[in-house]
Amino acid sequence: MQVLIDNADILFRAFGLTLLLVVVVSILSLVFGTVLAAMRVGPIGVLNKAGALYVTIFRNNPLLVLLLLVVFGLPKLGVQMSYFNMNVLALTLYTSPFVCEALRAGVNSIPIGQAEAARSIGLTFSQSMTAVVLPQSFRAVVPPLASVLIAMVKNTSLVSIFGLLDATARMKGLLNDHPSQLWWIFGGIALGYVIIVEAISLGAALLERRWRVA
Amino acid sequence: MFIRRLRWAAIAATAVLAVSACGSAGESDDNPVDNKVDDSAASKFEDGTAMKAIAEAGKVKIGVKYDQPGLGFKTAGQDQPTGFDVEMAKLVAAKLGIKADDIQWVETISDNREPFLQKGTVDFVFASYSITDDRRKVVGQAGPYFLTGQQLLVKKGSDIKSVDDIKGKEVCSVTGSTSLAQVEAKGAKVRGFETYSQCRDQVLDGAIDSMTTDGSILLGYAAQNPDELEVVGDPFSEERIGMGYAKDKPELCQFLTDTIQEAMDNGDWAKAFEATLGKSGAETPEPPKMDACA
Amino acid sequence: MASSVLFDAPGPRTRARHRLYTAISSVILAAIAGLVIWQLWRKDQFAYTYWEPFVTPDIVELLVKGLGKTLLAAVVAIAGALVWGVVFGVAKLSEHRVLRWPAWTVVEFFRAVPLLMLIISTWFFIGPEPGPHAYWALVIGLVLYNGAVFAEIFRAGINAVDRGQSEAAYALGMRKTMVMRLILIPQAIKIMLPAFISQTIVALKDTSLGYAILAPGLTYEGKIIFGTFRNTIQTALVIAAIYILVNLLLSWLATKAQRRFAGEHKLDIVGGVVQSQPAGGAAGARGL
């Protein structure tokens, strides 16, 4: 127990870094994921295939390998970025295809009758989207997006291997110095992650309820 | 569609296998210091001592590092490790009548040196093993056979010259290590990675300003790249590198101390240094004065 | 589905516009690819020394052995996770609160904790040595995490079987265990199969985390290789290619399994499975 109290300020800062990573990567991958989704459902063939290729490559690869390429590879190519930026880049590149698939799954789960009805009363493409499809898809998209986000929170732990001192990195240090306190250290850090994850789950549940359709 | 993909995969695989006969990366030379193996060693020891037991068995298990060039280093594709610690180990084995090729090398990492000695997984440890009172409570440590301390490795021409220059700069080491904690306390921005060689790569690529750990390890890296890397700054901690042995075999202490003392006196110690860490361009230091066995 | 209905068949003006967009996009994509390749070339990354290790028989052998150990770890972990998952899945469905709540807590806990953390802590607990200890730390961590996910899949699968089935079974007088054994589980298995296979793919990707604890495997061998030859980019690309190939194969298996065992019941799992859908799932297989 004492270990946790003594190192409380370091641990809080470490979790602060984790939260910062989560926020930045969420925003970036939501944007990029939406772009990818648009590429995949749009009418332009080249973009369809490019998007599908991207998703296939980046979903079938472990995040670790991607981080290796970005954090160790970019400097070799002469690209100088801070470690924070490089890790964010790798995490975003990895999470975006999952966001894209979550969005597509959500949009595709809306009964096709809705879109057909919208078209049949004469709404244009953008009108159908904004008035009929998208509002319903917000609700459908929340569960898969929440699980992608939760997976991403856990994935941030990998930055500990690539330079950043997040909660997992600090845990390694503490385990090295105080091996007898293993359970306390594990429990304390696990608690931090559980709190973050459950907060996201709760948020998702609240959103689902707010947007409940009849 | 898939069959087409499968066919390409098969062609690619065959191509790779066909070309596989070609490359020869990773081969190197193994025994820089010539150890005269004493074949009659077994008879020179008293009955009942651990030395006699090992000499008669004709086999010895020695724990070394595999990831510290110049000290204990084994690359992909090599059979035997190389380095200063390894050379010291070979000297000891030779005194026991065991040839370098017959040594059973075991990879040790920092956390398992004590358990390995206590369980008998290894007979000796020569793995950047600092002598501390805490460790002496659970294992035996003889030596030191090398003195070092935490230092900095930088690209040649860097403006970091000593530990005072690292405030606010990024410094690399292994996640969770004491070296990392030490420089963090001195105000540097620390970046933790999996292995020292990853840190070294980043220094070489210019991605980070410097890396820190024991000077002995850094010298090994500088020895691999003497034109681009250098070790700077006075050591800002002290490490006395010693030999580990099982605490329940105290006779090993005198044996180890005598063997290495002899190497220090007859120049083998210096030769080992020049062949390994000395390649960094660092001067061969004076051999340290070893502790007396309790 | 919804997306395909939303626009009419394109007329000539739209087609011309689309051709323009296609041209612009192709140029942009080609430029990006070209930039990457050019930069690699400039920094000498195509040099033979960097690629030579991958045609050296010794090194290739190391990689193959590493792949073998990775696959083995994944298989063992999945087997263990199945057992764990079934136990906790059944417990979560239990009518006895005494069983349900602890099961729920355990499952939620292991799904919220990062796998890397689990693996590192387990490794320190067993005794941080490379080799077998690290291997088992990796496997145990994988079992705990994937077991929790399987528990969820199991529970959702059982719940996805038509209510009518269990109602009819109870109406016939069967007791709970019999209903589970004879009616629900056999039907649930068909529903759960694709999800199980996709989770296997996730488990395979997660074995890469052995890198952090010196566990034998593909990424471990990769670390040794680029530690020696300083060819990080090349090694990472080769390992990436291997992972993609293996995972595509598994995805293909998953698609076949999904088609054969009929897709009337789609498993709607909240939290944990979406990100593990195989690239070869319904949408992805058509796309590439």
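**Exercise 1. Characterise the fold of chain C in this predicted model: what share of its contacts joins residues at least 24 apart in sequence, and which secondary structure elements does the chain contain?**

*Solution.* Begin with the contacts in chain C between residues at least 6 apart in sequence, of which 77% join residues at least 24 apart. Turn next to the secondary structure, where chain C is assigned 12 helices and zero strands, so that its elements, read from the N terminus, run α-α-α-α-α-α-α-α-α-α-α-α. Finally, consider burial: 47% of the 288 residues of chain C count as buried.

**Exercise 2. Decide how far the prediction for chain C can be followed, and where in the chain pLDDT stays under 50.**

*Solution.* Start with the whole model, which scores ipTM 0.85 and pTM 0.79. For chain C the mean pLDDT is 80, with 86% of the residues reaching 70 or more. The stretch to set apart is residues 264-288 of chain C, over which pLDDT stays under 50, although the model has 67 contacts beyond four places in sequence for these residues.

**Exercise 3. Describe the largest nonpolar core: which residues touch the most other members, and which element gives the largest share?**

*Solution.* The core holds 216 residues, and those touching the most other members are L67(A), F126(B), L153(B), I119(C), L138(C) and I213(C). Its largest share, 17 residues, is supplied by helix α7 (residues 132-160) of chain C. Chain B also takes part through both of its domains, since at least three residues of this core come from each of domain 1 (41-148 + 240-280) and domain 2 (150-232). To follow one member of the core in detail, take L153(B): once its neighbours within four places in sequence are left aside, its contacts are R200(B), V203(B), S210(B), M211(B), L218(B), Y221(B), A222(B), L229(B) and V231(B).

**Exercise 4. Work out how the two domains of chain B meet: how many residues does each give to the contact, and what is the make-up of the side belonging to domain 1?**

*Solution.* First fix the division of chain B, in which domain 1 covers 41-148 + 240-280 and domain 2 covers 150-232. The C-alpha centres of these domains of chain B lie 27 Å apart, and the contact takes 13 residues from domain 1 and 14 residues from domain 2. On the side of domain 1 of chain B that touches domain 2, β2 (67-68) and β6 (140-148) each supply at least two residues. Sorting the residues of that side by character then gives five nonpolar, six polar and two charged.

Methods
Residues numbered from 1 in each chain as written. Chains lettered and ligands numbered in written order. Predicted model: local features only at pLDDT ≥ 70, side-chain atom pairs only at ≥ 80, totals over all residues. pLDDT = per-residue confidence, 0-100. Contact = placed C-beta atoms within 7 Å. Core = buried A, V, L, I, M, F, W, Y, C linked by C-beta atoms within 7 Å. Buried ≥ 20, exposed ≤ 12 C-beta atoms within 10 Å, placed from the backbone. Helix = DSSP H or I, 4+ residues; strand = E, 2+ residues; numbered from the N terminus. Nonpolar A, V, L, I, M, F, W, Y, C, P; charged D, E, K, R; others polar.
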